[in-house]
Amino acid sequence: MMKKSMLIIGLITLLTGMLKVKAQVEPLSEQMAATVMEIWQERPHKWSYDQGVVFDGLERLWRRTGKKEYFQYIQNSMDKFISEDGKIDSYVEEHFNIDNIKNGHTLLMLYRETGKQKYLTAATLLWEQLKKHPRTSEGGFWHKKIYPNQMWLDGLYMGQPFYAEYAVFSKNDQAFNDIANQFVLMEKNSVEKSTGLMYHGYDESRAEAWSNPKTGRSPHFWARAMGWYAMALVDVLDYFPENHPKRAMLVNQLKAVASALKKVQDPKSGVWYDILDLPNREGNYLESSASSMFVCAIAKGVRKKYLKKSYLKVARKGYEGLKKEFIEHRSAGKVNLKGTVKVSGLGGKPYRDGSFAYYMSEDVITNDPKGVGAFIMAANEMELAGIQ
């Protein structure tokens, strides 16, 4: 009896050890995804791009691993917004908010995978918004109706990958000239030539207090804004026709962005500061969502052969920094992501003046969906490259 009890205890100890080992070696992308599915079970208050960033991470993880729970989580979450006749709860076209376009990619993905018409109907609502969306005099999409005459770097990620994907789906080849022009305008109006860094936004009218009266540009290089832009470039190229005359221009823009980011990567930590060019200014801090976006965009750029292989060293250094600076153990098989600024914008009420003090005043939190989704994408890219 004693020997039998000892044997049972030994087996339990062995199994417990095996489970611990499994938890320790589980890829970080999956540990972060497990946290997502634990903490975000309820529907967000409204239709939001934040959730779409998480969906992007989970979709890429699902395609790499084949684990159906990721797809099921995406579909179940999206179904809380989409009615059977394809209406999107809490979405209002007349707001003309470019952020609201982001989740169109997930809708098209669900339509392709399930064949359910409601997803395509909902995606087409977003396409219709783009057709009516207000623009600058040069043809650039306003960031929002409440921010007239303004283009922000954020808006390129929110609108252009879906615009390009739907253009392929609907065989609208002419749309790609317009899509390319959005990047042309953003580069023209926001890049500082001496550094290659890009200002958060610009106001064509020069009416905003935050805008430079000569250039219309906002005052600073906010990291996550450049993160959105970098990911917009590398994602829109997934759909851009190989023979389009502006495709090479987009690849060159990605190369320029990667080069600029390499120069401001913190040599000690490997990640990036919230205000990219002021690492030594009091109050500035290392920020996790932007750093995740940079790692993702650069690693994907290398994988797709838009960037030289040497840039994988930049991504790897950034990824090691992400793990060291921002990842903490949550529970068995789950991790948290620290150090994400909750929001940073321009204008609005109360007024956000784009000053350094303003950016430093915003809350920095743990497990913000923008950071978490970007980290899953970054980890997934590094794991695709064979780097854990």
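In the predicted model, glutamate 320 and lysine 323 are three residues apart in helix H12 (residues 311–326), and they are therefore separated by about one helical turn. The side chains of these two residues meet in a salt bridge, with an N to O distance of 3.1 Å. Neither partner reaches the cut-off for an exposed residue, which is a relative accessible area over 50%: glutamate 320 is partly exposed at 38%, and lysine 323 is likewise partly exposed, with a relative accessible area of 22%. An α-helix has 3.6 residues a turn, so residues three or four places apart point the same way.

A pair with this spacing is also found in helix H6, where lysine 131 and glutamate 128 lie three residues apart and are thus separated by about one helical turn. Their side chains form a salt bridge in which N and O are 3.2 Å apart. Here lysine 131 is exposed, its relative accessible area being 55%, whereas glutamate 128 counts as partly exposed at 25% relative accessibility.

Helix H6 takes part in a further salt bridge, formed between lysine 118 and aspartate 79, whose closest N and O atoms are 3.2 Å apart. Because lysine 118 lies in helix H6 (residues 117–132) and aspartate 79 in helix H4 (residues 68–79), this pair ties together parts that are 39 residues apart in sequence. Lysine 118 counts as buried, at 7% relative accessibility, while aspartate 79 is partly exposed, with a relative accessible area of 27%. Over the whole structure, the search finds 27 salt bridges. A network of salt bridges links Arg60, Asp235, Asp238, Lys300 and Lys304. Side chains of opposite charge can pair when their charged atoms come close.

Two members of this network, Arg60 and Asp238, recur in the description of the second largest pocket, since Glu59, Arg60, His105, Asp238 and Tyr239 are the residues nearest its centre among the 24 that line it. The volume of the second largest pocket is about 510 Å³. By class, its lining comprises 15 charged residues, seven nonpolar and two polar. Helices H3, H5 (104–114), H7, H11 (288–303) and H14 each contribute at least two residues to the lining of the second largest pocket.

The largest pocket has a volume of about 760 Å³. Its lining consists of 31 residues, of which Lys46, Tyr49, Asp50, Asp99 and Lys144 are the closest to the centre. In terms of class, the lining of the largest pocket divides into 13 nonpolar, ten charged and eight polar residues. At least two lining residues come from each of helix H3 (49–65), helix H7 (153–169), helix H9 (223–236) and helix H14 (369–384). Helices H3, H7 and H14 accordingly appear in the linings of both the largest pocket and the second largest pocket, each with at least two residues.

Helix H14 itself contains 16 residues and spans 22 Å from its first C-alpha to its last, close to the 22 Å expected at 1.5 Å a residue. The helix is mostly covered, 15 of its 16 residues being buried. At its N-terminal end, H14 is capped by aspartate 368, a side-chain oxygen of which lies 2.9 Å from the backbone nitrogen of lysine 370. Glycine 386, which follows H14, has a positive phi, near 85°.

Enclosed space was examined as well. Rolling a probe the size of a water molecule over the atoms shows where empty space is left. The count comes to one cavity of 30 Å³ or more, and about 80 Å³ of space lies in the largest cavity. The largest cavity is lined by Ile98, Phe141, Trp142, His143, Met151, Trp152, Gly155, Leu156, Gln160 and Gln182. These lining residues divide into six nonpolar and four polar, with no charged residue. By contrast, charged residues number ten in the lining of the largest pocket and 15 in that of the second largest pocket. Strand S1 (150–152) and helix H7 each supply at least two residues of the cavity lining, and H7 gives the most, with three residues. Besides this part in the largest cavity, H7 supplies at least two residues to the lining of the largest pocket and at least two to that of the second largest pocket.

Conventions
Residues numbered from 1 in each chain as written. Predicted model: local features only at pLDDT ≥ 70, side-chain atom pairs only at ≥ 80, totals over all residues. Heavy atoms only, no water. 1 Å grid on protein atoms, 1.4 Å probe; cavity = no way out; pocket = protein on both sides within 12 Å on 5 of 7 lines; lining within 4 Å. Points joined across faces, edges and corners; volume = space filled by probe spheres on them. Helix = DSSP H or I, 4+ residues; strand = E, 2+ residues; numbered from the N terminus. Nonpolar A, V, L, I, M, F, W, Y, C, P; charged D, E, K, R; others polar. Expected span 1.5 Å × (residues − 1). Buried < 20%, exposed > 50% of the residue type's maximum accessible area, 1.4 Å probe, protein only. Polar contact = N/O pair within 3.5 Å; in protein donor to acceptor, adjacent residues only side chain to side chain. Salt bridge = Lys/Arg side-chain N within 4 Å of Asp/Glu carboxyl O.
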